[in-house]
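Subject: Structure handover

Dear colleague,

I am passing on the structure we talked about, together with some notes on how its side chains are packed. Please have it open beside you as you read.

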Amino acid sequence: MLQNTKFLQSSPPLLHPPTAPAPLPQLPTIPASPSSPILRQFKLSRRELAISGNSSLLLLLGSQALEQLYPSKAEAEETPTEDNQQEQNVNTPSLDCSKKVATKRAFLDIAIDGEPVGRIVIGLYGDDVPAGAGWFSSIVSGAAGISYRRKEFIKIMPNYVQHGGLRSFGVDAERAKRTGSSLGIENLREEWERVYDKCPGAKNLAGSVSIIVRDPSKPPPKLKLVARKGKLEIDQEEIGTEPNGTEFVIAIKDSPELDASALVVGEVLEGMEVAKRIGQVKTVQENTGSPYFRVAKLIGDKRAVVAERGFNRPYSKVLITNCGLMD
């Protein structure tokens with residue numbers, strides 16, 4: 001009780017004017033050392049300094065590499081001027097989605113296991129898709145230094161049949177270089193984008209002939225950190241291969257699933273029964289329901305890509321024995 005009374009008597013009244021704050025005591029100054037001032041102030045070990053330094057370096061390199069790979073929208077998007085729009089309108093041919101006229105005719109002679117089954121006559125849309133139709137006709141005629149002769153159909157689906165095209169390496173690539181042709185899909189992809197934007201609805205209808213310009217099922221590239229010449233850089237690892245613009249498909253039925261990957265360059269004028277005969281060849285069954293395949297596909301295993309190529313392959317050998325232009 002005496003302590004409580006003493007405490008109450010010593011407490012100041014509530015209306016007492018505030019006193020000036022006492023000056024803060026001066027902190028003792030740490031002598032500056034040119035060798036390691038941070039170590040004396042924060043007392044960090046060498047291991048902690050090394051870890052923090054490496055992590056900050058990785059963050060800095062990663063941010064710089066990502067800025068180079070993915071520029072900002074302000075840099076990537078440029079407002080087109082009137083002159084650029086006029087040049088694009090002049091260089092881009094007019095596209096009529098409803099009325100397409102065949103300007104050239106090409107033929108494909110087909111054989112199954114060495115037995116001739118007939119001829120397919122294709123009409124090419126030279127005015128509507130000049131890049132795609134011109135590229136297909138140059139391969140069929142052999143003007144590009146390469147040809148579809150003795151090349152196989154590699155995939156038979158319920159709605160379409162797919163030809164394997166030509167290889168991007170080896171003899172086919174060397175022959176293409178001799179004539180100045182390049183196995184690429186830059187022009188074809190630009191034309192596909194133009195058709196895809198301006199022509200709504202299904203494009204790959206029954207009887208259409210299309211060139212594959214992209215693979216919609218291809219996973220995006222993986223980003224990995226690699227060391228080159230003592231520096232850390234972010235590299236992209238491609239999974240699978242891009243089409244080279246020589247694979248084509250013939251739609252037996254309406255195939256809207258091809259609209260996201262194929263550019264329509266023509267239609268079958270004669271020999272639709274031959275294309276349907278190819279579609280009746282027995283094929284390797286798919287095994288996409290296997291849990292092992294699903295996991296391998298999910299993690300981007302290359303073995304899953306190789307296995308997927310074998311699905312729906314014909315057991316018989318379906319060849320183009322001869323091809324060319326008829327006009």
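Does Leu298 count as buried or exposed, and at what relative accessibility? Please keep in mind throughout that this is a predicted model. Leu298 has a relative accessibility of 75%, and because the cut-off for exposed is over 50%, Leu298 counts as exposed. Leu298 lies in helix H10, which covers residues 291-298, and together with Val295 and Ile299 it forms a nonpolar patch on the surface, the three having about 340 Å² of accessible area together.

Turning to the interior, the largest nonpolar core has 44 residues, and Ile110 and Phe248 are those with the most contacts inside it. Helix H6 (residues 130-141) gives the most to this core, contributing 5 residues. If you look around Phe248, leaving aside residues up to four places away in sequence, you will find that it touches several side chains and residues, including Leu108, Phe136, Tyr148, Phe153, Val209, Ile211 and Ile320, as well as Gln162, His163 and Ser210. There is also a second, separate core of 6 residues, among them Met157, Tyr160, Val249 and Leu258.

Helix H9 (residues 272-279) may also interest you, with Val274, Ala275 and Ile278 buried. Seen down the axis of H9, the buried residues fall within an arc of 100°, so they line one face of the helix. These buried residues pack against several strands, including S1 (104-112), S2 (115-124), S8 (248-251) and S10 (318-325).

With best wishes

Technical notes:
Residues are numbered from 1 along each chain as its sequence is written. This is a predicted model: local features need pLDDT of at least 70, side-chain atom pairs count only at pLDDT 80 or more; totals for chains, interfaces and linings use all residues. Side-chain values use heavy atoms; hydrogens and water are left out. A nonpolar core is a set of buried Ala, Val, Leu, Ile, Met, Phe, Trp, Tyr and Cys residues joined through side-chain atoms within 4.5 Å. Buried means under 20% relative accessible area, exposed over 50%, partly exposed in between (1.4 Å probe, protein chains only). Helices (H or I, at least four residues) and strands (E, at least two) are DSSP runs, numbered from the N terminus. Contact means heavy atoms within 4.5 Å. The arc is that of the directions from the helix axis to the C-beta atoms. Patches are made of residues with over 30% relative accessible area and no salt bridge: like charges are joined within 9 Å, nonpolar side chains (Val, Leu, Ile, Met, Phe, Trp, Tyr) within 5 Å. Accessible areas come from the Shrake-Rupley method with a 1.4 Å probe; for residues, only the protein chains shown count as cover. A salt bridge is a side-chain nitrogen of Lys or Arg within 4 Å of a carboxyl oxygen of Asp or Glu.
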